[in-house]
Amino acid sequence: MKIKSNFIAVSCILVTCTMLLSFSSRKDEALLAAPPNDTLKLVVPKGWPKPVYDFTKNPITREGFELGRKLFYDPVLSQDSTISCSSCHLQYTNFTHVDHALSHGIKGLKGTRNTLSIINAAWTKNFMWDGGINNIEVQPLAPIQSPVEMNSSLNIILPRLNKQEYYKKKFKLAFGKDAEINSQNFLKALAQYMLSLQSFNSKYDQVMRKEAGVAFTEPEKRGLKLFRKKCASCHAEPLFTNNEYENNGLAVDTMLKDGGRAKITHLVKDSLKFRVPSLRNVELSYQYMHDGRYRNLQMVLFHYNHSISNTINLSPKLKEPMNFSEQDKNDVIAFLKTLTDEEFLHNPKYFYQKD
Ligand code: HEC
Ligand code: HEC
């Protein structure tokens, strides 16, 4: 992990031993010496805004994070104990599902949207494609209660967890010796794990930090220039989203009839607008768009270049044609691939752990 001095550690996210050991300054010795259940540090990379999440109410601790990780990987959360959060949010594919457009829940039931990634969630104001949920601590209730995802409820899950000595112990370790297995602690633990999914060590990040021995290739450089001109007004650096709702000219899917943001606000001006997704690790998070209609980045670039539909709320930013040449499209794709953060995608601290 190449965290350099230009990163400042502010408030609070987890830093596990692997990360700790690779820090190299005096500051890190202080971290290592921290009591086991002390608040761990969130790394706010240089140039990033302040996190949106208020960690004072739910500081991330090693034990809370570990409990959240266990719950995230536990199929016992679903009605028939077959589906876990990780069934649809796989680390290797940027915490999205692989290879299909719409998510599949229990009994193979098909949902109506493509999975969103959970990375850098501490910076997310509103969750879901339509921004319908504004707190990561209540978000899990949506997949848990959805009849086509987990078809379960806290009334089913909490008694199941209470039957396991393992969880009784883990909840106490995470939230104090009198802590119960209740909805609040359950949701806090899941939030701690999800908030810790931080990705900021792609080639792009390393080049921006001017790290020795890392440089963009010529196509990547050209791609970045085009990206900043044509894409960054919505997919804004450094998070690669402006966290706004936009319509990017996808032809309306008359089967799904998904109104997007208007589902929440009931306003015509929000019809067919969706949250701008981050493009970090986008190389691996196919399929693309809220309905997963595009299988690869070539199709996405084809869309922006040639198939923008003049929908009622099409963003004015996309009204001018892109006029990309074949080379331009390939260059933008080359740049997008520099957003892949292998270290994050393979970081063992996020894996399922047997204990
Ligand atoms: C059956 C597949 C499936 C399962 C199981 C599932 N999710 Fe999701 N998840 C999705 C889909 C699809 C979306 C996008 C939903 C939408 O926009 O309406 C999503 C969105 C999210 C988001 C919002 C991310 C953002 O930036 O807006 C979070 C957080 C999340 N899921 C966490 C979880 C957790 C925690 C669990 C387990 C309790 C879970 N998911 C289980 C499919 C799934
Ligand atoms: C007007 C704002 C806007 C501009 C400009 C824009 N996008 Fe998007 N982009 C969006 C929105 C909104 C979505 C989600 C749309 C949906 O699913 O309905 C999206 C989705 C994507 C996705 C799919 C990501 C995923 O995880 O599914 C990719 C890839 C993408 N855009 C790349 C680009 C590139 C490359 C450019 C420049 C050529 C660009 N975008 C320009 C708003 C924009």
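The paragraphs below lead through a predicted model, beginning with the ligands and moving on to the nonpolar cores, the aromatic pairs and some points of backbone geometry.

The surroundings of ligand 2 make a convenient place to begin. Of the 25 residues around this ligand, Cys231, Cys234, His235, His290 and Tyr304 are those that come nearest. By character, the shell around ligand 2 is made up of 18 nonpolar, five polar and two charged residues, and its largest share, three residues, is supplied by helix 12, which covers residues 297-306. Against this background, individual polar contacts can be picked out. A polar side-chain atom of His235 is placed 2.9 Å from a nitrogen atom of ligand 2, and an N or O atom in the side chain of Tyr304 is found 2.7 Å from a nitrogen atom of the ligand. Met289, by contrast, takes part through its backbone, with an N or O atom lying 2.7 Å from an oxygen atom of ligand 2.

Ligand 1 contains an iron atom, whose only protein donor is His89, through NE2 at 2.1 Å. This histidine lies in the loop between helix 4 (85-88) and helix 5 (141-145), a stretch of chain to which the discussion returns below.

Turning to the interior, the largest nonpolar core comprises 50 residues, and those with the most contacts inside it are Leu71, Phe72, Phe95, Leu161, Phe186, Tyr193 and Leu195. Two or more residues each are given to this core by strand 2 (42-44), helix 3 (62-72), helix 6 (154-162), helix 7 (165-175), helix 8 (183-195) and helix 14 (342-345), with helix 8 making the largest contribution, eight residues. Another core, of 28 residues, lies apart from it and includes Tyr204, Leu250, Leu301 and Phe335.

Aromatic side chains can be followed through both of these regions. The whole structure holds 22 aromatic pairs; in one of them, Phe95 and Phe344, the ring centres are 6.0 Å apart and the planes meet at 55 degrees, so the pair is classed as tilted. Because Phe95 belongs to the loop between helix 4 and helix 5 while Phe344 belongs to helix 14, this pair ties together parts that are 249 residues apart in sequence. Phe344 is buried, at 2% relative accessibility. In another pair, the rings of Tyr204 and Phe335 have centres 6.1 Å apart and planes at 80 degrees, so their arrangement is edge-to-face. With Tyr204 in helix 9 (residues 203-208) and Phe335 in helix 13 (residues 326-337), the pair ties together parts that are 131 residues apart in sequence, and both Tyr204 and Phe335 are buried. Phe95 and Phe344 also belong to one aromatic cluster, whose members include Phe65, Phe72, Tyr73 and Tyr193.

The backbone has some features that deserve a careful look. Phe95, although not a glycine, has a positive phi of about 60 degrees, and this residue is buried, with a relative accessible area of 0%. Asn120 is likewise not a glycine and has a positive phi of about 50 degrees; Asn120 is located in the loop between helix 4 and helix 5 and is buried, with a relative accessible area of 4%. There are also cis peptide bonds to note. The bond from Glu237 to Pro238 is cis, with omega near 0 degrees, and Pro238 sits in the loop between helix 10 (218-230) and strand 3 (245-246). The bond from Tyr286 to Gln287 is cis with omega near 5 degrees, and Gln287 lies in the loop between strand 4 (274-275) and helix 12.

Conventions
Residues are numbered from 1 along each chain as its sequence is written. Chains are lettered from A and ligands numbered from 1 in the order in which they are written. This is a predicted model: local features need pLDDT of at least 70, side-chain atom pairs count only at pLDDT 80 or more; totals for chains, interfaces and linings use all residues. Side-chain values use heavy atoms; hydrogens and water are left out. A residue is near a molecule or strand if one of its heavy atoms lies within 4 Å of it. A polar contact is a pair of N or O atoms within 3.5 Å; within protein, one must be able to donate a hydrogen and the other to accept it, and residues adjacent in sequence count only if both atoms are side-chain atoms. Helices (H or I, at least four residues) and strands (E, at least two) are DSSP runs, numbered from the N terminus. Ala, Val, Leu, Ile, Met, Phe, Trp, Tyr, Cys and Pro count as nonpolar, Asp, Glu, Lys and Arg as charged, and the others, Gly among them, as polar. Donors are N, O and S atoms within 2.8 Å of the metal (3.2 Å for Na, K and Ca); water is not among the atoms, so sites may look incomplete. A nonpolar core is a set of buried Ala, Val, Leu, Ile, Met, Phe, Trp, Tyr and Cys residues joined through side-chain atoms within 4.5 Å. Buried means under 20% relative accessible area, exposed over 50%, partly exposed in between (1.4 Å probe, protein chains only). Rings of Phe, Tyr and Trp (its six-membered ring) pair if their centres lie within 6.5 Å; planes under 30 degrees apart count as stacked, over 60 as edge-to-face and the rest as tilted.
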